[in-house]
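Please open the structure in your viewer and keep the selection tool at hand. The tour below proceeds by selecting a few elements at a time and examining what is there.

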Amino acid sequence: MLKIGSHVSFSDKGLLTATDEAKSYGSSSFMIYTGAPQNTRRKPIESLYIPEGKEAMTAAGIGEIVVHAPYIVNLGSYKEDTFELAVNFLQEEVRRTDAIGVNNIVLHPGAYTDKDAEYGIARIAEGLNEVLEATKHTNVNIALETMAGKGTEIGRSFEELAAIIERVHDNGRITICLDTCHVHDAGYDIVDDLDGVLKSFDSVIGLDRIAVVHLNDSKNPRGAGKDRHTPIGSGWIGYDAINNVVSHPALAGKPFILETPWIGKNAGKERPMYEAEIALLRGDVDVRFGGEFLEDVERLHHFFGKQDIDHRAFVLNTWELLKSDAKARKADPREPLERLYDLAMEHRALSGDYSEEAVNQRLTAYLAGREWLAKV
Ligand SMILES: [Zn+2]
């Protein structure tokens with residue numbers, strides 16, 4: 001069975017809360033931060049509802065899950081206190097991950113700030129060696145994430161990750177988290193040459209290191225080095241390319257984790273598109289959402305078709321406009337999904353009294369294209 005889910009909240013009742021949220025999206029996997037991703041405050045392990053959560057996971061058919069380390073720790077820092085904090089905190093995170101019964105903790109390798117990439121690589125490896133040595137009694141691997149190349153972050157190329165792995169003594173415990181948005185933003189062509197990208201990954205790092213895949217579309221063109229996520233189908237990568245990733249034999253059996261944000265007016269009130277994205281990529285939209293949902297998607301195709309809108313061209317042209325024309329962006333900063341929503345509402349393309357979330361779910365399925373709809 002496809003292991004697919006999203007980032008979910010670990011607050012309140014810990015693993016139980018996370019499982020409930022994941023269940024509401026129809027997930028078979030999920031990813032948590034053990035506390036806020038932007039700080040290092042953590043609750044004691046006893047208050048994380050681990051036995052209760054595990055029971056709920058089994059009942060919900062959720063198997064392998066993933067932990068993500070907070071992104072503020074920086075193993076690449078030359079500052080002694082920053083580096084020490086990162087090493088100490090990561091050791092505790094690895095132990096917490098082990099206590100939850102999870103085998104992979106995803107880590108942004110780090111940033112070299114005022115030094116250079118070579119320094120960063122050596123420093124990160126030094127930190128990883130310390131963390132792995134102090135946690136060798138655990139069953140936890142550290143999954144280095146492929147990065148977009150924002151600022152001075154390390155991990156923008158497969159070669160940088162391989163260079164870290166090479167310097168880690170116990171590198172049987174280093175795995176990789178492949179992020180679709182990040183590799184695309186770093187310049188790898190997963191849209192038109194996924195086979196080529198994976199082949200290059202295999203020769204530089206080895207496909208057997210991949211333990212987790214992050215599924216995100218990108219707000220920026222390939223090579224932009226930006227790292228801004230958007231729902232599947234609403235960005236430069238597109239549904240077809242993401243679907244190719246999910247169904248690629250080299251990635252079979254890996255947990256696929258969505259980290260796509262809510263896009264719309266009702267920020268904070270509506271859920272991200274996880275439920276629709278999961279059903280689309282698993283191929284059970286009809287079961288999850290029913291026949292009326294599919295009729296609505298058909299209506300959207302009919303409506304946008306009459307407006308001479310092709311879903312892919314519309315998404316790409318809108319991003320291109322927002323990127324290249326500052327005046328146009330100032331006059332109308334709405335992203336593709338927001339524009340499609342406004343068009344559909346303005347012309348009453350859908351009957352029924354839907355919430356913004358429900359309309360966006362239908363738009364997400366529309367963005368998977370006619371070919372997808374024909375196959376349902
Ligand atoms: Zn990440």
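Begin by selecting E275, A276, E277 and L280 in helix α9, together with Q361, T364 and A365 in helix α15; these residues meet one another. The model in view is a predicted one. By class, the contact of α9 with α15 comprises three nonpolar, two polar and two charged residues.

Now extend the selection to the two helices in full: α9 covers residues 274–282 and α15 covers residues 356–366. Two packed helices are described by the angle between their axes and the distance between the axes. Here the angle is about 30 degrees, and the axes are 9 Å apart. Angles under 35 degrees count as roughly parallel, and α9 is therefore roughly parallel to α15. The crossing of α9 and α15 is right-handed.

Next, select helix α5, residues 158–167, and helix α7, residues 194–204. At what angle do α5 and α7 pack? The angle is about 25 degrees, with 10 Å between the axes. These two helices are therefore roughly parallel to each other. In passing α7, α5 makes a right-handed crossing. To view the contact itself, display the side chains of F158, E159 and A162 in α5 and those of S200, F201 and V204 in α7. Four residues of this contact are nonpolar, one is polar and one is charged.

The third helix pair consists of α3, residues 80–100, and α4, residues 117–134. Their axes come within 9 Å and cross at roughly 35 degrees. As α3 passes α4, the crossing is right-handed. On α3, select F83, A86, V87, L90, Q91 and V94; on α4, select G127, E130, V131 and A134. Together these residues make the contact. Which classes of residue are found in the contact of α3 with α4? Seven are nonpolar, two are polar and one is charged.

Leave the helices and turn to the strands. Select β1, β2, β3, β4, β6, β8, β9 and β12, and follow them in that order: these eight strands close into a barrel, with parallel pairing. From one strand to the next, the twist averages 30 degrees.

For a detail of the barrel, zoom in on strand β1, residues 4–7, and strand β2, residues 29–33. The two strands run parallel and are joined by three bridges. One pair to select is H7 with M31, its bridge partner in β2.

Finally, zoom out and colour the protein by domain. Domain 1 spans residues 4–261, and domain 2 spans residues 286–375. How far apart are the centres of domain 1 and domain 2? Taken over C-alpha atoms, the centres are separated by 30 Å. Where the domains meet, nine residues of domain 1 are in contact with 12 residues of domain 2. The side of domain 1 that touches domain 2 contains three nonpolar, four polar and two charged residues.

Definitions and conventions. Residues are numbered from 1 along each chain as its sequence is written. This is a predicted model: local features need pLDDT of at least 70, side-chain atom pairs count only at pLDDT 80 or more; totals for chains, interfaces and linings use all residues. Domain bounds come from an automatic or database domain assignment. Two residues are in contact if their C-beta atoms, placed from the backbone, lie within 7 Å. Ala, Val, Leu, Ile, Met, Phe, Trp, Tyr, Cys and Pro count as nonpolar, Asp, Glu, Lys and Arg as charged, and the others, Gly among them, as polar. Axes are lines fitted to C-alpha atoms, for helices over the stretch in contact, and angles run from 0 to 180 degrees between N-to-C directions. Helices (H or I, at least four residues) and strands (E, at least two) are DSSP runs, numbered from the N terminus. Angles under 35 degrees count as roughly parallel, over 145 as roughly antiparallel, 65 to 115 as roughly perpendicular and the rest as oblique. A crossing is left-handed if the near helix is turned anticlockwise from the far one by less than a right angle, and right-handed if clockwise. Two strands pair if DSSP finds at least two bridges between them.
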